Amino acid sequence: MPAVSLGTPLLRASRVRPTTAGRPDVPELVDRFGRIARDVRISITEKCSLRCTYCMPAEGLPSIARSDLLTAAEIGRLVGIGARDLGIREVRFTGGEPLTRADLVDIVRLSAEAAPGVQLSMTTNGIGLDKKAAALKAAGLSRVNVSLDTIDREHFATLTRRDRLPAVLAGVRGARDAGLTPVKVNAVLMRETLEDAPALLGWAVREGFRLRFIEEMPLDADQLWRREQMVDAAELLAVLGASFPLSPIGREDPSAPAEEWLVGEGPATVGIIASVSRSFCGDCDRTRITAEGTVRSCLFGDDETDLRALLRGGADDDTIADWWRGAMWGKKAGHGIDGDSFARPVRSMGAIGG
Ligand code: SAM
Ligand code: SF4
């Protein structure tokens with residue numbers, strides 16, 4: 001691992017196999033609490049074209065040496081192992097900003113070839129997406145989540161430290177036009193942009209995007225998050241409810257993080273991912289791979305297992321699958337943000353991959 005302070009956490013040295021004592025002999029990524037991970041988030045870079053205050057420091061994250069990043073072929077191989085041997089059904093590429101990686105189309109194509117039938121999607125800030133959307137679709141990407149917190153240009157520039165709203169709007173529309181649908185738009189709930197929430201929802205309804213608001217989590221590199229200042233789901237509902245009739249319709253499925261509301265008579269909906277005030281850890285079905293090729297069992301769990309050393313050391317697929325299983329067996333019950341003993345993870349969101 002590089003000696004930069006991306007917040008390199010408790011890396012499990014590649015020779016120390018994760019403990020699997022008590023683990024049932026099943027292929028899937030099960031943990032001690034009966035959950036099965038079927039959805040993998042793969043970070044492919046720490047670089048980004050924005051500097052959202054709830055995520056990155058103003059100067060960006062320290063660079064990861066190119067040789068330390070997983071290659072497109074290594075990512076494709078892990079996706080294949082996940083799909084074939086571990087029961088992974090969904091793959092989401094994230095970062096940093098995935099569109100900053102020049103070989104993104106190769107990553108998608110190699111992953112699609114390695115895992116036919118598995119849904120491939122991407123979380124992106126949308127900058128440059130209009131130019132890449134058709135190639136990504138052709139390579140096998142199904143859909144995208146575009147992050148956009150406000151459609152007020154000044155507020156956007158303050159929150160992301162970059163005046164790039166027009167580029168994001170072009171990107172999100174480009175994704176829709178290329179058929180990367182349904183396009184979901186994710187907005188982090190921030191006090192500075194709470195007043196813009198009704199305008200954002202009106203825009204999303206008109207454009208045919210599925211908007212979801214996300215409670216801010218203590219994963220900002222600047223460590224300014226405070227529970228008492230956080231905008232929670234209840235506060236957002238009061239603000240949106242003053243402009244739109246909303247009726248609750250629940251979750252799409254039990255492991256879906258968003259609770260949905262019908263907007264007016266529908267068919268448009270709005271979702272709220274209340275990761276902090278209504279934690280859904282008990283139904284979590286995620287596993288994560290960082291850009292340097294370590295498995296994280298949880299956003300908030302610093303314990304990481306190095307698969308890159310295995311990939312580069314000549315390990316076969318069965319061995320890599322076993323280590324991934326071991327990493328997930330150690331997953332904790334929950335993040336406990338609302339508890340007294342909560343400790344922030346060492347990595348910030350952009351260094352993990354949200
Ligand atoms: N750059 C891409 C983007 O912004 O969509 C992908 C990476 S970004 C880290 C993934 C998601 O994490 C985005 O939707 C972003 O809004 C969200 N995110 C970042 N920091 C967060 C925080 N502190 N709390 C909640 N969500 C956060
Ligand atoms: Fe970049 Fe995404 Fe983090 Fe914003 S949330 S700084 S777009 S990685």
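**Note on the predicted model: ligand shells, helix packing and backbone points**

1. Arginine 161 is located in the loop that joins α4 (153-160) to α5. In this model, which is a predicted one, the phi angle of arginine 161 is near 60°, a positive value in a residue that is not glycine. A reader going through the backbone may wish to begin with this loop between α4 and α5.

2. Two cis peptide bonds deserve a separate entry. One runs from threonine 181 to proline 182, with omega near -5°, and proline 182 is found in the loop between α5 and β8 (184-189). The other runs from glycine 266 to proline 267, where omega is near 0°, and proline 267 belongs to the loop between β11 (259-263) and β12 (269-273). Each of the two prolines is thus listed with its loop, proline 182 after α5 and proline 267 after β11.

3. Ligand 1 is surrounded by 17 residues, and the closest of these are Tyr54, Gly96, Glu97, Ser147 and Met217. Sorted by class, its shell comprises six nonpolar, eight polar and three charged residues.

4. The polar contacts of ligand 1 involve both side-chain and backbone atoms of the protein. A polar side-chain atom of serine 147 lies 2.5 Å from an oxygen atom of ligand 1, while a backbone N or O atom of threonine 124 lies 3.3 Å from an oxygen atom of the ligand. On the nitrogen side, a nitrogen atom of ligand 1 is 2.8 Å from a polar backbone atom of methionine 217. Taken alone, ligand 1 exposes 540 Å², and the protein buries 95% of that area.

5. Ligand 2 has Cys48, Leu50, Cys52, Tyr54, Cys55, Met56, Gly96 and Asn125 around it. By class, this shell holds six nonpolar residues and two polar ones, with no charged residue. Tyr54 and Gly96, which are among the residues around ligand 2, are also listed among the closest residues to ligand 1.

6. Two helix pairs can be described by the angle between their axes and the distance between the axes. Helix α2 (residues 104-114) packs against helix α3 (residues 129-139) at an angle of about 20°, the axes being 8 Å apart. Since angles under 35 degrees count as roughly parallel, α2 and α3 are therefore roughly parallel to each other. The crossing in which α2 passes α3 is right-handed.

7. Helix α3 also packs with helix α5 (residues 165-177), here at an angle of about 20° and with the axes 7 Å apart. That angle makes α3 roughly parallel to α5, and the crossing of α3 and α5 is right-handed. Helix α3 accordingly takes part in both pairs, with α2 in one and with α5 in the other.

Terms used:
Residues are numbered from 1 along each chain as its sequence is written. Chains are lettered from A and ligands numbered from 1 in the order in which they are written. This is a predicted model: local features need pLDDT of at least 70, side-chain atom pairs count only at pLDDT 80 or more; totals for chains, interfaces and linings use all residues. Side-chain values use heavy atoms; hydrogens and water are left out. A residue is near a molecule or strand if one of its heavy atoms lies within 4 Å of it. A polar contact is a pair of N or O atoms within 3.5 Å; within protein, one must be able to donate a hydrogen and the other to accept it, and residues adjacent in sequence count only if both atoms are side-chain atoms. Accessible areas come from the Shrake-Rupley method with a 1.4 Å probe; for residues, only the protein chains shown count as cover. Ala, Val, Leu, Ile, Met, Phe, Trp, Tyr, Cys and Pro count as nonpolar, Asp, Glu, Lys and Arg as charged, and the others, Gly among them, as polar. Axes are lines fitted to C-alpha atoms, for helices over the stretch in contact, and angles run from 0 to 180 degrees between N-to-C directions. Helices (H or I, at least four residues) and strands (E, at least two) are DSSP runs, numbered from the N terminus. Angles under 35 degrees count as roughly parallel, over 145 as roughly antiparallel, 65 to 115 as roughly perpendicular and the rest as oblique. A crossing is left-handed if the near helix is turned anticlockwise from the far one by less than a right angle, and right-handed if clockwise.
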